[in-house]
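Thanks for coming. I have one structure to go through today, and I will keep to its contacts. Please have it open while I talk.

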Amino acid sequence: MTGMQVIFLISAVVILFSGTMMVSTRKLIQAALWLILTLFGVAVIFALLETSFLAIVQVVVYIGAIAILIVFAIMLTHLAVDDTYQNRKWIVTAVIAMIALAGILLAIFTWPQGATLTAPLPGGQQDIRAIGLALLDPEGYLIPFEISSLLLLAALVGSIYIGLERKGETK
Amino acid sequence: MPHEWLYLLIFLVISLFIPAFAIGMAALLSPKKPSPLKNSIYECGIETVGSSRIQFKAQYYLYALLFLVFDVETVFLYPFAVAYNQVLFFGVVEVVLFVLILAAGLAYAWRAGALEWV
Amino acid sequence: MSFIADPVTFIINWLSSVLSGWGIADMWVQFIMFVLGAGILAFGAMIFTIGLIWVERKLGGRVQDRIGPNRVGPWGIFQTIADMLKIFTKELITPTGADSTLFNLAPILAMASVLGLWAVIPLSPTVFGTNIDVGILYLIGVGALGELGIILAGLSSNNKYALVGGFRAVAQLISYEVPFAIALLIPVMFSGSMGLNDIVASQKVAFIFQAPVAALVFFIASIAENGRAPFDLIEADSEIVAGFNIEYSGLKFGMYYVADFLHAFTSAMIFASLFLGGWRGPGAELYPILGFVYLFIKTAAVYLLTVTIRFTVPRLRIDQMMAFNWKYLTPLALATLLVTAIVDKAAPAGQGLIRILLLWAANAALFFVTDRIVTIFRRNREKERKVVSEPRPVPIAVRPLPASESEVNS
């Protein structure tokens, strides 16, 4: 059992355990914290796959921004005051999730490219440089790059418009 | 896995252990005499009034949101920065457009008063 | 000769050969070397903080026209050890209703996030923790870990003041991460790599001469990320009632302050590596130990500047801090990024003198334009300041009234 397999097993166990705890815990704040542990496990898996940029972006964006946003959003709602939250129909949700998981696994195992090994990446700065050049290439991903900036602008403007309490308006 | 990330993982685990070990040692060395008065919550010297949750200002959420948008934008800009030496001038123009669109978002937030600390 | 020139690599090679000589497999040898190296680096950083606290207190004392600690040991150098002994034996009180797992985890996370920074900084041409190829983003990522610690402290203390203090602290820290991250793009652009080793190795001319405005933005943002004066509203002594660590006692409380002092030095080291050239200096490649000395000198200079600023400048209010960040520093950082990107592409290739002069001119123009805009804004705001109401007649008039009553009352 090589070291990589050991680390993969440990991080897989961590991800599954914290994912289960996240959906089954009663307190919302604890759910947010288990989510952070799950995201950290996913970052470790990314690092195992030698995509260091994605691993570190996972930590910076997901844990550093989105998890904090989720904690703030939980505090904003009244559910944080009354800490317990029960979903009585959790069996239905579990069955639906199992069906979805079965569908995804079926799709992965019947995908013809799924069985071929991908070429190993050169690693290091050439990967990130390749991402950068591809993002700016007109035949590459330039249009999605600019559209993503428009998407971010739309998200920003929309949420500020909704979230801001304007003076003179009663809610 | 490249050995660098393994070192990083080991380093993070060790840097979690060292303060934990120090606090553990302090827990051994320190006296333990809990009393209801010592364990009560601090509220400027008076008894605590009300629950310990407060009405949360929406302003915090707007700051977190603004940070999220700019963080994602910065993460998009990092591959460009790494590839900067091989990018043509047209690429720089594209990135200028990207940044200007998001700067327009910041200007909107400024004018709408979302940046005021209420 | 090789031992004097590069002691650390010599010891590492010797130890690896000893371990392999005992018949241990290669993979395990490397693992043991990793654990030893990481342990020594992290532990050394923590022990180094003891001297650092003494330096800061002495320097602060001199700035404030007093001597500083001078009782315990010659020039008071054992003062920190005495304080450490005291704080180790203070009772660790957990308040009622506090979530004890998170309550204990928060100071550990705060300290771990600062120690984790030491893993990627190149201390000399051959001595560094690890050379991951995304070192810059890693610096931002461990900052996120520290913020998590603060939110946990506020949430788990079961105290509404800690909660408010925690949220304000996190709001300040995440706001200042934006110019921090944007200003870090400039060294990456110049060197074409996100790894700190490559950035230091490619600074034939230190980056502060090529991008002074970016260096300034990064310096200010890193002081604010640290929570030091003038941005120290979150854990200042007189604000402590609204701080996130009011329910902590004993070493848990001390851990936050140790993390604070160590973070100041580490930020200075990062600034010295990214903008001042790190371990570069005459003869550093031949004798790597000299590289460590150069880095230490540059870091000490930046650190002394930080400490002097701390004891000189008054504290900013939270709304002034946020306004400064979102209305001044972030637009300035974005403008610097755009100007540097355009000018560097337009300049002739190679690190010639012309390119550096062009960048200097662009940065000076940017600074000048920003200064003009801010002055015009401030002048307009002063003109618009209206008198809100008529001044009340003051009953006593034993002192001469100032010339314009409205200026006193507004």
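I will start inside chain C, move to its contact with chain B, and end with some remarks on chains B and A. Keep in mind that this is a predicted model.

First, the two parts of chain C. The domain assignment splits chain C into domain 1, residues 1-89, and domain 2, residues 92-381. Their C-alpha centres are 23 Å apart. On the domain 1 side 23 residues take part in the contact, and on the domain 2 side 27 residues do.

How much area do domain 1 and domain 2 of chain C bury between them? The value is about 2,200 Å², and 80% of it is on carbon and sulfur atoms. Within domain 1, the residues that lose the most area to domain 2 are Leu41(C), Glu56(C) and Ile87(C), which together make up 25% of what that side buries.

Glu56(C) comes up again in the charged pairs. Two salt bridges are counted between the domains of chain C. Glu56(C) forms a salt bridge with Arg228(C), with 2.7 Å between the closest N and O atoms. Polar contacts across this interface come to four residue pairs, both residues being at pLDDT 80 or more.

As for which elements line the domain 1 side, those giving two or more residues are α1 (2-5), α2 (7-21), α3 (26-63) and α4 (79-88) of chain C. The most comes from α3(C), with 13 residues. Sorted by class, the domain 1 side that touches domain 2 has 17 nonpolar residues, four polar and two charged.

Now to the contact between chains. Here 85 residues of chain C touch 68 residues of chain B. The two chains bury about 6,900 Å² between them, with 77% of that on carbon and sulfur atoms. Which residues of chain C lose the most area to chain B? They are Lys160(C), Trp326(C) and Lys345(C), together 11% of what the chain C side buries.

One salt bridge is counted between chain C and chain B. Lys327(C) and Glu116(B) meet through their side chains in a salt bridge, at 2.8 Å from N to O. Seven residue pairs, both at pLDDT 80 or more, are in polar contact between these chains.

Several helices of chain C each supply at least two residues to the side that touches chain B, among them α3, α5 (100-115), α7 (160-183) and α12 (250-275). The helix that gives the most is α14(C), with 15 residues. By class, the chain C side that touches chain B divides into 56 nonpolar, 18 polar and 11 charged residues.

Next, chain B by itself. Chain B has four helices and zero strands, so to speak of its order, the elements run α-α-α-α from the N terminus on. Of its 118 residues, 52% count as buried. Taking contacts in chain B between residues at least 6 apart in sequence, 61% join residues at least 24 apart.

Last, one residue of chain A. Gly103(A) sits in helix α4 (residues 90-109) of chain A. Is Gly103(A) buried, partly exposed or exposed? Gly103(A) counts as partly exposed because its relative accessible area is 37%, and the class runs between 20% and 50%. Gly103(A) and Val157(A) are 54 residues apart along the chain, and their C-alpha atoms are separated by 37 Å.

That is the end of the tour.

Methods: Residues numbered from 1 in each chain as written. Chains lettered and ligands numbered in written order. Predicted model: local features only at pLDDT ≥ 70, side-chain atom pairs only at ≥ 80, totals over all residues. Heavy atoms only, no water. Domains from an automatic or database assignment. Contact = heavy atoms within 4.5 Å. Buried area = accessible area lost by both parts, 1.4 Å probe. Salt bridge = Lys/Arg side-chain N within 4 Å of Asp/Glu carboxyl O. Polar contact = N/O pair within 3.5 Å; in protein donor to acceptor, adjacent residues only side chain to side chain. Nonpolar A, V, L, I, M, F, W, Y, C, P; charged D, E, K, R; others polar. Buried < 20%, exposed > 50% of the residue type's maximum accessible area, 1.4 Å probe, protein only.
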